[in-house]
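Biologist: I am new to this structure. Please take a single part, go through it closely, and then relate it to the rest of the chain.

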Amino acid sequence: MRPKSVWQSAAIAVVLGSGAIWMVAAGCSATVSTSTSQSQAPSVQVSVQANDARLAKSYRFDRGGWIYVHAEGTPAQIGFQHGYWLAHDIEDALNAYKLDATHTTQRDWNFFRETSRNVLWPHVEQEYREEIQGIVDGVNAQGVKVDLDDIVSLNAFMEVTGYYVPWLDKQQHTLGAPHLTSPGNCSAFVATGSYTSGGGIVIAHNNWTDYWEGERWRIIFDIVPTHGNRMLMDGFPGVIASDDDFGVNAQGIMITETTITQFSGFDPNGIPEFVRGRKALQYSSSIDDYVRIMLDGNNGGYANDWLIGDRKTGEVARFELGLKDHQVWRTKDGYFVGSNFPSDPKLTKEETKFDPRDSKSSANARHARWDQLMQQNKGKIDVASAQKFLADHTDVILNKQSADERTLCGHTDVSTRGIPQWSWGANYPGGAVQGKAMDSKMAESLSFFAHTGHPCGEDFLAEPFLKAHPEFAWQAPILHDMKAGSWTEFKAGDAAAK
């Protein structure tokens, strides 16, 4: 367990594992010993300075396996609060990413730092420069040594290894370059009108990724910025965007996405996706706003099919965004699903190697299952059924219940087939790592349900897996148990239970 602590009004409440609460008055300081985290971050001593004005109105607490962080104020204040409350989680996530990124790309960490400095940072606008620098300052204030290049690299962990490096290897004709593919992860849907039980919008998402990432992907951010909309979103330590992109803002814009399998393309002169993704959630009041912001300066990094809903109108959209091509489909009575397949024939042909005829691939099999569930449950879809969908183990190819790489709740670690389209070999330790769901009514109050670990409730245990599959021994320092939690509701303005 991580320590449970919360800043509220003029005090910090430190909630211990026993349930006891220590209050520290403002103007004083206290030293809190953190215990071993779920991701096995080392035990450390952190000094809590309760009189630091940059922490005003911010707090952190744990619930249902998630870490909830409330941040409020200017970009620099929001960044400082983010970095301060998650300093050791960020340190752990950064070290894990370093190992994976250098192993996968066969490039040293200095390459990623230089990429952050020379390719990404010049295209980060001032508001987010201040927030990212604030994260650095907050982490440093907890005695953890990171710098700007490190945190920018962490923010781009989805788009550098899977998009920029393959593009660069091709441009430089790199000899002996490893085979790298863009990620192809996640299962999601959005439905409205006659498909849902109340006629409003229901949206849900399974994050599919490497288990080392997924076990750390358990932050709930409640952000109240000086400019733009309040946001509630899930996220990864140290990253300013949700990055697996499930969130809602105060204008009722509900978003999620799934990545496009076997996509290639990158524009080093574009705006990083993590900047555009964060800005779109923060400043959109309509589907059109969201599309416009994501297109502005598009660099092709982290190419996605975005599923968007507008609570105010009941309209939903599928926004497919590559580098050269994009397409938008909209409806007030229907659904859109995502399982890493592209829909636009032009984009599919020009920017991917995806085969829509391969019915046995993970993306296409899950697409077929989504369509089955939408039709079978037409008029009945709600948040409770969405949670069941995300836990679904129906393999449409085998026509039976068989948790594997083709089920909505993915378990590639048990599949000898792997997912070759993503360069996931046999028994690759990856799959569905958490889930989220909400409807229009929840969006009105900025709330959603979230589940850590496999939404089906099964645990992933690292030690027996690594013993059975020594080919993944290189992940041993960062691959830990991923325990399944329970569906837990989070709201904007939530506080720790007393």
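Modeller: The account below begins with one strand and then moves to other parts of the chain.

This is a predicted model, in which local features need pLDDT of at least 70 and side-chain atom pairs count only at pLDDT 80 or more, while totals for chains, interfaces and linings use all residues. Residues are numbered from 1 along each chain as its sequence is written, and side-chain values use heavy atoms, with hydrogens and water left out.

The protein has 14 helices and 22 strands; these are DSSP runs numbered from the N terminus, with helices being H or I of at least four residues and strands being E of at least two. Of its 498 residues, 61% are buried, where buried means under 20% relative accessible area, exposed means over 50% and partly exposed lies in between, using a 1.4 Å probe and protein chains only.

The part chosen is strand β7, residues 66-73. Seven of its eight residues are buried, so β7 is largely enclosed by the rest of the structure. Strand β6, residues 59-63, runs antiparallel to β7 and is joined to it by five bridges; two strands pair if DSSP finds at least two bridges between them. Within this pairing, V69 of β7 stands opposite R60. The hairpin of β6 and β7 has two residues between the strands, and G64 there takes a positive phi near 60 degrees. Strand β10, residues 219-225, is also bridged to β7: seven bridges join them, and the two run parallel. One of the residue pairs is G73 with its bridge partner P225 in β10.

From the strand, turn to a helix. Helix α6 covers residues 160-172. A straight helix of its 13 residues would span 18 Å (1.5 Å times one less than the number of residues), but α6 spans only 16 Å between its end C-alpha atoms. V160, T161, G162, Y163, Y164, V165, L168 and D169 of α6 are buried. The buried residues of α6 pack against α2 (87-105), α3 (109-120) and β13 (253-259). After α6 comes H173, with a positive phi near 50 degrees.

Y164 of α6 also belongs to an aromatic cluster, whose other members include Y97, W109, F157 and W217. Over the whole structure a search finds 33 aromatic pairs, meaning rings of Phe, Tyr and Trp (its six-membered ring) with centres within 6.5 Å, called stacked with planes under 30 degrees apart, edge-to-face over 60 and tilted for the rest. F246 and F448 have ring centres 5.2 Å apart and planes at 90 degrees, so the pair is edge-to-face. This pair links distant parts of the chain: F246 is in the loop between β11 (231-235) and β12 (247-249), F448 is in strand β21 (residues 447-452), and 202 residues separate them. F246 is buried, at a relative accessible area of 0%, and F448 is buried, also at 0%. A stacked pair is formed by W424 and Y428, with 4.8 Å between centres and 20 degrees between planes; both residues are buried.

A charge can also sit over a ring, which requires NZ of Lys or CZ of Arg within 6 Å of the ring centre and within 35 degrees of the ring normal. R54 places its charged end over the ring of F80, 3.8 Å from the centre, and R366 lies over the face of W208 at 4.2 Å from the ring centre.

R318, in strand β15 (residues 315-321), has 4% relative accessibility and therefore counts as buried. Its side chain makes a polar contact with the side chain of D305 at 3.2 Å; such a contact is a pair of N or O atoms within 3.5 Å, where within protein one must be able to donate a hydrogen and the other to accept it, and residues adjacent in sequence count only if both atoms are side-chain atoms. A polar atom of the R318 side chain also lies 3.1 Å from the backbone oxygen of F341. Not counting residues up to four places away in sequence, R318 touches, among others, W306, W329 and F336, contact meaning heavy atoms within 4.5 Å.

D459 lies in the loop between β21 and α14 (462-468). At 43% relative accessibility, D459 counts as partly exposed. Its side chain reaches the backbone nitrogen of A484 at 2.8 Å.
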